[in-house]
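User: Please take a close look at one helix of this complex and at the parts that surround it. A connected account in formal terms would be appreciated.

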Amino acid sequence: MIKLRQIDDYRWEIPREGKMRTRGLIFASQAMLTKIQEDQSLQQVANVATLPGIEGPSMAMPDIHWGYGFPIGGVAAFNLEEGVVSPGGVGYDINCGVRLLRTNLPREEVEPRVEDLVNTFFNNIPSGVGSRRKDLKLSMPTLKEVMRYGAGWGVKNGYGSQADLEHIEAAGQIPGADPEMVSQFAMDRGKDQLGTLGSGNHFVEVGYVLEVYDEKLAATLGLFKNQVTVIVHTGSRGLGHQVCDDYIKVMLRAADKYGIELPDRQLCCAPLTSPEGKQYLAAMAAAANFAFANRQMITHWVRESFEQVFHMGPKRLGLELVYDVAHNIAKVEEHEVNGKKKKLCVHRKGATRAFPPGHPEVPEVYRETGQPVLIPGDMGRYSFVLVGTQQALTETFGSTCHGAGREMSRHAALKMAKGRSIVRELAAKGIIVRGAGRATIDEEISEAYKDVEQVVNVTHGAGISKKVAKLKPLGVIKG
Amino acid sequence: MTPGRPAKYRQLSHTADLAWRIRGASLTELFENAGGALISTLTDRRFLRRSQVRDLTVDSPDLEALLVDWLNRLLYLFDVEGFLGREFKVVELSPQRLRARVRGDIFDPARHPEKTAVKAATYHHLEIKRTHRGWQATVILDL
């Protein structure tokens, strides 16, 4: 078992030892630790600490669980001169992320029509295990445009507006994207999947603001109690997964080539200065842009669905984008390290950027509040809106948690769901769920997830994000 | 199933993803059963017809990587063509090359139950080893 030293109520350290180049820093509560220690996630935090060029600690957010090489909920930054980039530190679903839309509608107005709304989402937004669009066949040149321009491609082609772009991390376009670095295999997979939700824990959810923790912050984000909101959670689909797989193969060779010792094969990486490292970042950016475009398109269909069900125009509905964040990504960002400004490659795998008030990368409208952070919970409970803080910038390179984190295997979840009608149980709680497959719903039961409130409270208590509002689901579509 | 004969594949415990323990009397059978395990994750294999054929060739640096690449190739075919294998026949297998003929169906949500989406087969805890009964592999699928 990994040695842990408690720092305070929310912080635990894995002391540096053996091949670790730095310490590990875990954000968690005492109550969460026992569960965390049940799988190998802490060993993974220690493994990441062995990688060359790591700056600051190898970190884990409170939603930590076992992943590939890097744990899910892992954050690690590397300097550009000696550091590495690792596809395992980003994940298979490149730019899996979340966006939050607000509306002008109060809960009372929407609640009676939730079932219609969920069914309309279901008809307008392809989801499920085999989700492909039959109506939208992308040509290769167009797909390359999508990968270059991201959400901007969406806006240019009639999905949403320019105003949306100002409310997306990196304006919905990661710089340096190079579609030529994306394999034909990846493009083949992505070609029919733009504008699809996928499956697993991806969803579109209509809900409402249950509680506001900070009136001033909420007002600036355009949120009010009882307001109806929509969350979209999805990523780069088969295109991103293939890019990850392609580059894992490249990195396995690169790690050998550059003499990088790996405690775990899935930590395979290449120096940021190497051609392999640069190619991966360019391909990753391309896949990330595909995901931004994907969420932009799904947003358009969410807006259309509301218009169809409520027979109201966009102005009256007010379906505005609050913000869109990536939670599986590597970003080159400028941070202060030992008093000096330094460019770092920050890996966030199942972790969200959380920049503070005043940061130049935070949209002007949020310059005083800090960057909105969206943390989805499981479909039966709640989700949270927070903002980034100076403490996060100083301590975690501006990072925080991403969601509830799974606690139970799918197999165990299916066993627990056996004989129950999860759909009926949720309906009894006032939540309409529609899934493309029964198995997906059963695997996604609340019991399979950590309580996201606990996760969020740790980040709030540790000061790396600040709670703004709690959202409750009314209706969900799942793949 | 014959009593005392181990299952072709079974799930191991894993929090977020799916770990399969695959068995085979021979290496070719191991790879065939791995294909079966993957498809059984995506759908119920019993509903798949044998109406389509795909001949595949996969090249990889070593046997373990070959297993991952084989499964990822099947995922690629599913994403791009909707193709799901019902029967797997490995025709040639060396540590660096696999050739197989796969008979299967094209995914149709009306006929095929949707089970669990798979993002990729991974190298995490990847292992192929000999046992007293033949061969055994562990492969984790990222969901």
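Analyst: In this predicted model, the buried residues of helix α8 of chain A are A:Ala186, A:Met187, A:Arg189, A:Gly190 and A:Lys191. The cover over these buried residues includes α5 (140-149), α10 and α11 (275-310) of chain A, together with α2 of chain B. Each of these elements is taken up below, beginning with α10.

Helix α8 spans residues 184-191 of chain A and helix α10 spans residues 237-257 of chain A; their axes come within 6 Å and cross at roughly 165°. Because angles over 145 degrees count as roughly antiparallel, α8(A) is roughly antiparallel to α10(A). The crossing in which α8(A) passes α10(A) is right-handed. On the side of α8(A), the residues that meet α10(A) are A:Phe185, A:Ala186, A:Met187, A:Arg189 and A:Gly190. Their partners in α10(A) are A:Arg237, A:Gly238, A:Leu239, A:Gln242, A:Val243 and A:Asp246. By class, the residues of this contact divide into 5 nonpolar, 3 polar and 3 charged. A:Ala186, A:Met187, A:Arg189 and A:Gly190 belong to this contact and are also among the buried residues of α8(A).

The stretch that precedes α8 also deserves attention. A:Ala171 lies in the loop between α7 (162-165) and α8 of chain A. Its phi is near 55°, a positive value in a residue other than glycine. Most residues other than glycine have a negative phi. A:Ala171 is partly exposed, because 18 other C-beta atoms lie within 10 Å of its own, whereas burial requires 20 or more. A second residue has a comparable backbone setting: phi of A:Asn95 is likewise near 55°, positive in a residue other than glycine. A:Asn95 is found in the loop between β6 (84-85) and β7 (97-106) of chain A. With 30 other C-beta atoms within 10 Å, A:Asn95 is buried.

Two further elements that cover α8(A), namely α5 and α11 of chain A, also pack against each other. The axes of α5(A) and α11(A) come within 6 Å and cross at roughly 95°. The range of 65 to 115 degrees counts as roughly perpendicular, so α5(A) is roughly perpendicular to α11(A). A:Val146, A:Met147, A:Arg148 and A:Tyr149 in α5(A) meet A:Ala286, A:Asn289, A:Phe290 and A:Ala293 in α11(A). The contact of α5(A) with α11(A) has 6 nonpolar, 1 polar and 1 charged residues.

Helix α11 of chain A has another partner in α4 (residues 114-124) of chain A, where the axes come within 9 Å and cross at roughly 135°. α4(A) and α11(A) are therefore oblique to each other. The passage of α4(A) by α11(A) is a right-handed crossing. From α4(A), the residues involved are A:Asp116, A:Leu117, A:Thr120, A:Phe121 and A:Asn124. These meet A:Trp301, A:Val302, A:Glu304, A:Ser305, A:Gln308 and A:Val309 in α11(A). Divided by class, the contact of α4(A) with α11(A) has 5 nonpolar, 4 polar and 2 charged residues.

The remaining element named in the cover of α8(A) comes from the other chain: α2 of chain B. In the interface as a whole, 26 residues of chain B are in contact with 34 residues of chain A. Helix α2 (residues 63-81) of chain B gives the most to the side of chain B that touches chain A, with 4 residues. That side of chain B divides into 12 nonpolar, 9 polar and 5 charged residues.

As to confidence, the predictor gives the complex an ipTM of 0.89 and a pTM of 0.95. Chain B averages a pLDDT of 92, and 97% of the residues score at least 70. Among the elements of chain B, strand β1 (residues 9-12) has the lowest mean pLDDT, at 84, and strand β5 (residues 97-106) the highest, at 98.

In summary, the buried residues of α8(A) have a cover that includes elements of chain A together with α2 of chain B, and α8(A) runs roughly antiparallel to α10(A).

Note on methods
Residues numbered from 1 in each chain as written. Chains lettered and ligands numbered in written order. Predicted model: local features only at pLDDT ≥ 70, side-chain atom pairs only at ≥ 80, totals over all residues. pLDDT = per-residue confidence, 0-100. Helix = DSSP H or I, 4+ residues; strand = E, 2+ residues; numbered from the N terminus. Contact = placed C-beta atoms within 7 Å. Nonpolar A, V, L, I, M, F, W, Y, C, P; charged D, E, K, R; others polar. Axes fitted to C-alpha atoms, helices over the stretch in contact; angles between N-to-C directions. Parallel < 35°, antiparallel > 145°, perpendicular 65-115°, else oblique. Left-handed = near helix turned anticlockwise from the far one by under 90°. Buried ≥ 20, exposed ≤ 12 C-beta atoms within 10 Å, placed from the backbone.
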